[in-house]
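Subject: Structure handover

Hello,

Here is the structure I said I would pass on. Please look through it first; my notes follow below.

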Amino acid sequence: MPEPETTPAPNVPQARVVRRGRLSRVWIVPVVAALAGAWIAVTKVMSEGPTVTIQFKTAEGIEAGKTKIKYNGVEIGTLQTVKLSDDHRSAVATARMEPDTEHFLVEDTRFWVVRPRISGASVSGLGTLISGAFVTLDIGDSKKSQREFLALELPPVVAREEPGREFVLKAPDLGSLDAGTPLFFRRIKVGEVTSYELAKDSKTLAVKVFVLSPYDELVTANTRFWNASGVDVSLTASGLNVQTESALSVLIGGIAFETPSTGVDLPESDVDSVFPLYENHEAAFRTPAHDPQTFVLVFHQSVRGLAPGAPVEFRGIPIGEVVSVDAELDAKSFDFRAPVTISLDAQRLGVHVISLEPGADPDAVRRNVIDSMVLHGVRAQLETGNLLTGALYVSFDTFPDAPPAMIDWSHKPPRMPTVSGQLETMEASVSSILNKVDKIPFETLGTDLQKSVADLDRTLATANAALVSAKGALDNTGRLVEPNSQLTTDLGNTLRSVDDAANSVRVLADYLERHPESLIRGKPQGTK
């Protein structure tokens, strides 16, 4: 069987797949562009450094894009943006830091704005008057990285790398102290006040001071800190007392400290140890009382000039101080008196209760000793300590002639007997003299004296009239007597005799004036 005749296929061109061996040159340009862009982006990111956010209380002096962040004078960043916080109470700035500053940005790093500041005797930031304010930082010691910071309102007084230690002083009030107030040791500036805050009980202030090394090694548990601000002038019963530190402390105030050279050597105090801040040097080194006893002294005289804190002395030896001065009126007798409460430390007189018998009561022994002293005439009186101010103090002494008295142990505190002070005694004497003078009848004496003078005037007038009359009689007699008569001769002899007698009397008066002892001893032989 013959095969069917097939129609020959038309001559149609056939498609041919051609496989390219490499990428087209058209793609080279975009690939290169993409790689270049990625390299630029990576390079840019790596060259810009980290970004941080800093919150400031105010944006005064800082400006986005211009304010630099400097450390030791080297620019390490720039503020990129500055805007208000969400609550509108502060300013938040975003800063771009320089590369290789990652280790700066740790948890305890502190930022603050450097502006011109005048604090006490220090003036800082004057260069910013020309260059403008900038932000600086104090690198922390933490290893924990951080990107958000709260800037300090004031620059830290002491840099973190400064060697030394910080201590806390408890003060009743701040006075003239402030951050940056100098701290002195023997008039050498060895530290500063770093900060202060109100204690939790709102009764005291906690003042932090930084003591530079190696002076911090001098601070022990026995160290005394006192306020050395200005010139401490006190005019008390003890006299004029002037205490100063350095000229700087006189101008801006300061704190001084000292460790007593006597006593047991104590180890250095730890950081943040708490010390009391005394009012002045005297208060810092005042010997504390040992078992002080409280008594009341009742004075019946003026206590003006006697104030709490006035000394109580026994023959010039301080044994206590005045605690309070009050007033008291006896409603029955209307006797006004001034009870003065004092605190006594008998050990300052060397009084020690020793060698007590087993079971003996020390209080009873002390009571017997005080009773015995009062029986022997020990009394308290007010003395003038300063004539300028009239300040008084309490003085104990022995008065053998004092009226008998006893301690009134029924009162709490017990009352000790007193005697009048010297000034009061003088006032009483003067008052007695004035009373006697006041009793002299000056008016009657004056009247009698005037009467006597009037009588004397009348007597003199009468005598004058008699003399005039006698003169007239003698003139008449002279006219009656002839010059050569016997009567004239006798009269002349009589007158000469009278004249001789007068001369003899005059010679005798002269002799008695020169030798009054002759009236008793007689005229010595050979004396003319």
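I will begin with a single pairing in the sheet region: V168 has V274 as its bridge partner in β18. This comes from a predicted model, so please read everything below as computed from that model.

The V168 pairing belongs to a longer contact between strands. Strand β10, residues 164-171, runs parallel to strand β18, residues 274-278, and three bridges join them. Strand β18 also pairs with strand β14, which covers residues 224-227; this pairing is parallel too and has two bridges. Within it, W226 is matched with Y278 of β18.

V168 turns up again in the surroundings of A206. That alanine sits in strand β13, residues 205-212. Setting aside residues up to four places away in sequence, A206 touches V168, L169, S195, Y196 and E197. One of these, S195, is eleven residues from A206 along the chain, and the two C-alpha atoms are 8.5 Å apart. A206 counts as buried because its relative accessible area is 17%, and the cut-off for buried is under 20%.

Now the chain as a whole. The protein chain has nine helices and 26 strands. It has 528 residues, and 28% of them count as buried. Its accessible surface is about 36200 Å², with 57% of that belonging to carbon and sulfur atoms. Taking contacts between residues at least 6 apart in sequence, 65% join residues at least 24 apart.

Next, the interior. The largest nonpolar core has 24 residues, and the members that touch the most others are L306, I342, V394 and F396. At least two residues of this core come from each of β19 (293-299), β20 (311-314), β21 (317-325), β23 (335-344), α5 (362-375), β24 (378-384) and β25 (392-398). The greatest contribution is that of β23, with four residues.

What does L306 contact, leaving aside neighbours within four places in sequence? The list is V322, V325, V340, L382, L392, Y393 and V394. There is also a second, separate core, made of 20 residues, among them L79, A95, F104 and A133.

A391 is worth a separate entry. It is found in the loop between β24 and β25. Is A391 buried or exposed? It is buried, because its relative accessible area of 11% falls under the 20% cut-off. The C-alpha atom of A391 is 8.0 Å from that of A307, although 84 residues separate the two along the chain.

Last, the surface. I433, V437, I440, F442 and L445 make a nonpolar patch of about 470 Å². The elements giving two or more residues to this patch are α6 (422-439) and α7 (442-480). L445 has its place in helix α7. With a relative accessible area of 48%, L445 is classed as partly exposed, because that value lies between the 20% limit for buried and the 50% limit for exposed.

If you want a place to start, try the strand β18 pairings with β10 and with β14, then move to A206 in β13. After that, look at L306 and its contacts in the core, and finish with the patch that includes L445.

Regards

Conventions. Residues are numbered from 1 along each chain as its sequence is written. This is a predicted model: local features need pLDDT of at least 70, side-chain atom pairs count only at pLDDT 80 or more; totals for chains, interfaces and linings use all residues. Side-chain values use heavy atoms; hydrogens and water are left out. Patches are made of residues with over 30% relative accessible area and no salt bridge: like charges are joined within 9 Å, nonpolar side chains (Val, Leu, Ile, Met, Phe, Trp, Tyr) within 5 Å. Accessible areas come from the Shrake-Rupley method with a 1.4 Å probe; for residues, only the protein chains shown count as cover. A salt bridge is a side-chain nitrogen of Lys or Arg within 4 Å of a carboxyl oxygen of Asp or Glu. Buried means under 20% relative accessible area, exposed over 50%, partly exposed in between (1.4 Å probe, protein chains only). A nonpolar core is a set of buried Ala, Val, Leu, Ile, Met, Phe, Trp, Tyr and Cys residues joined through side-chain atoms within 4.5 Å. Contact means heavy atoms within 4.5 Å. Two strands pair if DSSP finds at least two bridges between them.
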